[in-house]
Amino acid sequence: MITLTWGIVGALLLSVAVELAARFWIRRKGDYFVFPPGLRLRLKIDRDLFPQLERETRFEVNRDGERGGEVPRSVDRLHRILVAGGSQPEGFLLDQYTAWPGALQRLLERPEALRRLGATHVHVGSIARSGVGSEALNLILERVLPRYPRLSTIIVLVGASDVLRWLEDGAPPAPPRRARVADVFRCHPEGPFGWTPRALAAFELLRRARRRWLRPVEVHERAGKADAQARAMRARAKEIRDTMPDPSSMLDHFELHLRALLRKAQAHADRVLVVRQPWLDKVFTPEEVACMWHGGAGRVWREDVTTYYSFDVCSRLMALLDARAVRVAKELHLEHVDLMPLLEPSLEDYYDGFHATPSGSKTVARAVAAAVLRQPMTRPQLTPQRLPERAAMYAQTM
């Protein structure tokens, strides 16, 4: 009996020692990843909800925590690009090489593009994630960039989440809620750890090792069903607000963090490219209205929201935010790419107010590739679907 007791005590002490060692190791290593290295998803898209999208897509993360292929072992004349931002460049519902960072990889690895870049290899990795605004992206670059070698190019596309989160919070006069590590990084050293099985640091190490070495595939059936619920919530809204609240605090907050994150990018890359956030800006048809979910005065993904801001208010806010992005880019002497004249303002290129279809993503990839290669981008011919006032605005930029 005494021997058994001492055996149990010894096993408990050993377990505690292993757990404390695991916590020490995770915290000492101190790596922050937006996506867990080795993550592999297969998303089965409901075509009734998203007729423009592919039926099944892949979302695969490399050892550096980027959506993209593995970095070539030989770094001799490697042109390495990092894409950072929110849900638009993440392209969660698009396939690995349909989302524009993946499509950009394919365009830049062509022989003529490699010659223009003076490179033998190109690698495009994306750490863009849904829900990331300017402050969260500033935090991401602060924690992530120190473990990177100097990069050839960092491409930034961020902005929609700043507007939408501010509206969700009730358009307060004070700055929006602060970004937290746990909301931004899916793999990080800060815990919190506990003593239940799934909260153990030792269990977390096993989870990480399994992803890295075994690369299991997680299958998501009916991917995007949350979007359908959000669309239905907007359709049954009890109140639509047509008056735009004073956006000064939100815009100042966006400008502050955009400037800070771009300076961080400049310190870690030979070149920084700002891709301006596009949005579907038009008078919507009934079919298009049915695909929209944005503008809620409340957290659409977590609660039942009955009050929304009008599409016109959302569009005006996005235009003000875009103007701030241009101002910051010019002040920092950075190139910026305007996607609005290039994307067809319809469900051909957008599947909701902000996210690109495969067709739209292809257009974005071509525009970004042209900017990276410092080549002119041919603007598409305006179609009858474009509103006269939009066509006039585009014509002024040609």
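Which side chain of opposite charge is nearest to Arg67, and how far away is it? In this predicted model, the nearest such side chain is that of Asp95, at 5.6 Å, and Arg67, although buried, has no salt bridge. The separation does not qualify because a salt bridge requires a side-chain nitrogen of Lys or Arg within 4 Å of a carboxyl oxygen of Asp or Glu. Arg67 is placed in the loop between strand S2 (56–60) and strand S3 (78–85), and its side chain reaches the backbone oxygen of Glu90 at 2.9 Å.

Side chains of opposite charge can pair when their charged atoms come close. Across the whole structure, a search finds 29 salt bridges. One of them joins Arg42 to Glu60, with the closest N and O atoms 2.9 Å apart; since Arg42 belongs to strand S1 (residues 40–45) and Glu60 to strand S2, this pair ties together parts that are 18 residues apart in sequence. Both partners are assigned to the buried class, Arg42 with a relative accessible area of 16% and Glu60 with a relative accessibility of 17%.

A further salt bridge is formed by Arg276 and Asp338, whose closest N and O atoms are 3.7 Å apart. Arg276 is located in the loop between strand S8 (269–275) and H11, whereas Asp338 is located in the loop between strand S10 (335–337) and helix H13 (358–372), so that the pair ties together parts 62 residues apart in sequence. Here the accessibility classes of the partners are split, with Arg276 buried at a relative accessible area of 13% and Asp338 partly exposed at 26%. The side chains of Glu239 and Arg241 also meet in a salt bridge, at 3.4 Å from N to O. In that pair, Glu239 is partly exposed, with a relative accessible area of 37%, and Arg241 is likewise partly exposed, with a value of 31%.

Beyond these individual pairs, a network of salt bridges links Asp252, Glu255, Arg259, Arg324, Arg327 and Glu331. Helix H12 comprises residues 311–331, and its 21 residues reach 30 Å from the first C-alpha to the last, which is close to the 30 Å expected at 1.5 Å a residue. H12 is followed by His333, for which phi is positive, near 60°.

Turning to a contact between distant chain positions, Cys291 is placed in the loop between helix H11 (286–289) and strand S9 (307–309). Its relative accessibility of 13% is the reason that Cys291 counts as buried, the class being limited to values under 20%. The C-alpha atom of Cys291 is separated by 6.2 Å from that of Arg231, although the two residues are 60 residues apart along the chain.

At the surface, Val16, Leu20 and Trp195 make a nonpolar patch of about 310 Å². Among these residues, Leu20 lies in helix H1 (residues 2–29) and is partly exposed, with a relative accessible area of 48%.

Terms used
Residues numbered from 1 in each chain as written. Predicted model: local features only at pLDDT ≥ 70, side-chain atom pairs only at ≥ 80, totals over all residues. Heavy atoms only, no water. Helix = DSSP H or I, 4+ residues; strand = E, 2+ residues; numbered from the N terminus. Buried < 20%, exposed > 50% of the residue type's maximum accessible area, 1.4 Å probe, protein only. Lys, Arg positive; Asp, Glu negative; His and termini not counted. Polar contact = N/O pair within 3.5 Å; in protein donor to acceptor, adjacent residues only side chain to side chain. Patch = residues over 30% accessible without salt bridge, like charges linked within 9 Å, V, L, I, M, F, W, Y side chains within 5 Å. Areas by Shrake-Rupley, 256 points an atom, 1.4 Å probe, with all protein chains shown as cover. Expected span 1.5 Å × (residues − 1).
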